[in-house]
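Biologist: I have a model on my screen and would like to find my way around it. Could you take my questions one by one?

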Amino acid sequence: MRTGTSAKRRRPGVSDRVAEYVDSPRLRNRMLDGDWIVATVDGNYGGYFTQAKIMSKGKPGPLRNWSCTCPSDNSPCKHVSALVETWKVNARTFDDLAPRWKTLSLKPKGELIRLIREIGESHPGALRFALGLSDRVGEVSEQAEGDW
């Protein structure tokens, strides 16, 4: 008889380096934005903004487009691989942004400006990015570490 805590069952073809991230608390802020999945990944050397295109013309497609702010030379890196694998095993943990974009599109201009100001008060880096004052996600991530 086996006792103790059982480890997560790893899917075939998933390396140990990827498996440690799959569906773990290290993948935060999981979102589905159209054809893309995005998350903040707490890596061994910092937090990384990671995204991957999982759909093509509304249907699941091969992984062709992705990005991660980590310094890895692997293509794709383990963070992207873990993000995609997490989508495969637990898609319900990703917040679908489509209804939220719809809700925002219906708000009056004044209310949107108020919301943007509130975001800027809490996350100045995100405001700089939204206003076009910074063209790098890394700058935003560094200023609002852990808040994506």
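Modeller: Gladly; below we go through the fold, the sheet, the core and a few backbone details.

Biologist: Before we start, what kind of model is this, and how many helices and strands are in the chain?
Modeller: Good place to begin: this is a predicted model. Read along the sequence, the chain follows the pattern α-β-β-β-β-β-β-α-β-α-α-α-α. That makes six helices and seven strands.

Biologist: What is the order of the strands in the open sheet?
Modeller: The sheet has five strands, and their pairing is mixed. E6 and E7 (95-96) stand at the edges with a single partner strand each, so one side of each is left without a neighbour in the sheet. The order is E6-E3-E2-E1-E7.

Biologist: How many bridges join E2 to E3?
Modeller: Let's take the neighbours of E2 in turn. E1 (residues 27-33) pairs with E2 in the antiparallel sense over five bridges, and Leu27 has Val41 as its bridge partner there. E2 and E3 (residues 46-53) also run antiparallel, with Trp36 partnered by Lys53 and Val38 standing opposite Gln51. The number of bridges joining E2 to E3 is eight.

Biologist: Which residue in the turn between E1 and E2 has a positive phi?
Modeller: A hairpin of two residues links E2 to E3. E1 and E2 likewise form a hairpin with two residues between them, and a phi of about 65° is found in its turn at Gly34.

Biologist: Why is E2 described as largely enclosed by the rest of the structure?
Modeller: A residue counts as buried when its relative accessible area is under 20%. E2 covers residues 36-43, and the strand is largely enclosed because the buried residues among its eight number six.

Biologist: Which element supplies the largest share of the largest nonpolar core?
Modeller: This core has 19 residues, and those with the most contacts inside it include Leu27, Ile37, Val80 and Leu83. E1, E2, E3 and helix H2 (78-90) each supply at least two residues. The largest share is four residues, and it comes from H2.

Biologist: What is the angle between the directions of H2 and E3?
Modeller: The buried residues of H2 include Val80, Ala82, Leu83 and Val84, and among the elements covering them are H1 (16-19), E1 and E6 (66-68). Leu83 shows the packing nicely, with contacts that include Leu27, Ile37, Ala52 and Phe94. H2 packs on the sheet, touching E1, E2, E3 and E6, and the angle between its direction and that of E3 is about 60°.

Biologist: How far does H2 reach from its first C-alpha to its last?
Modeller: H2 has 13 residues, and at 1.5 Å a residue the expected span is 18 Å. The model comes close to that, with a reach of 17 Å.

Biologist: Is Tyr48 buried or exposed?
Modeller: Tyr48 is found in strand E3. Its contacts beyond four places in sequence include Ala39, Val41, Cys68, Cys70 and His79. With a relative accessible area of 8%, under the 20% cut-off, Tyr48 is buried.

Biologist: Why is the pair formed by Trp87 and Phe94 edge-to-face?
Modeller: A search of the whole structure finds one aromatic pair. The ring centres of Trp87 and Phe94 lie 5.2 Å apart. Phe94 is buried at 7% relative accessibility, while Trp87 is partly exposed at 22%. Planes over 60 degrees apart count as edge-to-face, and here the angle is 80°.

Biologist: Which residue in strand E1 has a positive phi despite not being glycine?
Modeller: Most residues other than glycine have a negative phi. Asp23, in the loop between H1 and E1, has a positive phi near 50° and is partly exposed at 22% relative accessibility. Within E1 itself, a phi near 55° belongs to Asn29.

Biologist: Where is the proline that follows a cis peptide bond?
Modeller: The peptide bond from Ser75 to Pro76 is cis, with omega near -5°. Pro76 is found in the loop between E6 and H2.

Conventions:
Residues are numbered from 1 along each chain as its sequence is written. This is a predicted model: local features need pLDDT of at least 70, side-chain atom pairs count only at pLDDT 80 or more; totals for chains, interfaces and linings use all residues. Side-chain values use heavy atoms; hydrogens and water are left out. Rings of Phe, Tyr and Trp (its six-membered ring) pair if their centres lie within 6.5 Å; planes under 30 degrees apart count as stacked, over 60 as edge-to-face and the rest as tilted. Buried means under 20% relative accessible area, exposed over 50%, partly exposed in between (1.4 Å probe, protein chains only). Two strands pair if DSSP finds at least two bridges between them. A nonpolar core is a set of buried Ala, Val, Leu, Ile, Met, Phe, Trp, Tyr and Cys residues joined through side-chain atoms within 4.5 Å. Contact means heavy atoms within 4.5 Å. The expected span of a helix is 1.5 Å times one less than its number of residues. Axes are lines fitted to C-alpha atoms, for helices over the stretch in contact, and angles run from 0 to 180 degrees between N-to-C directions.
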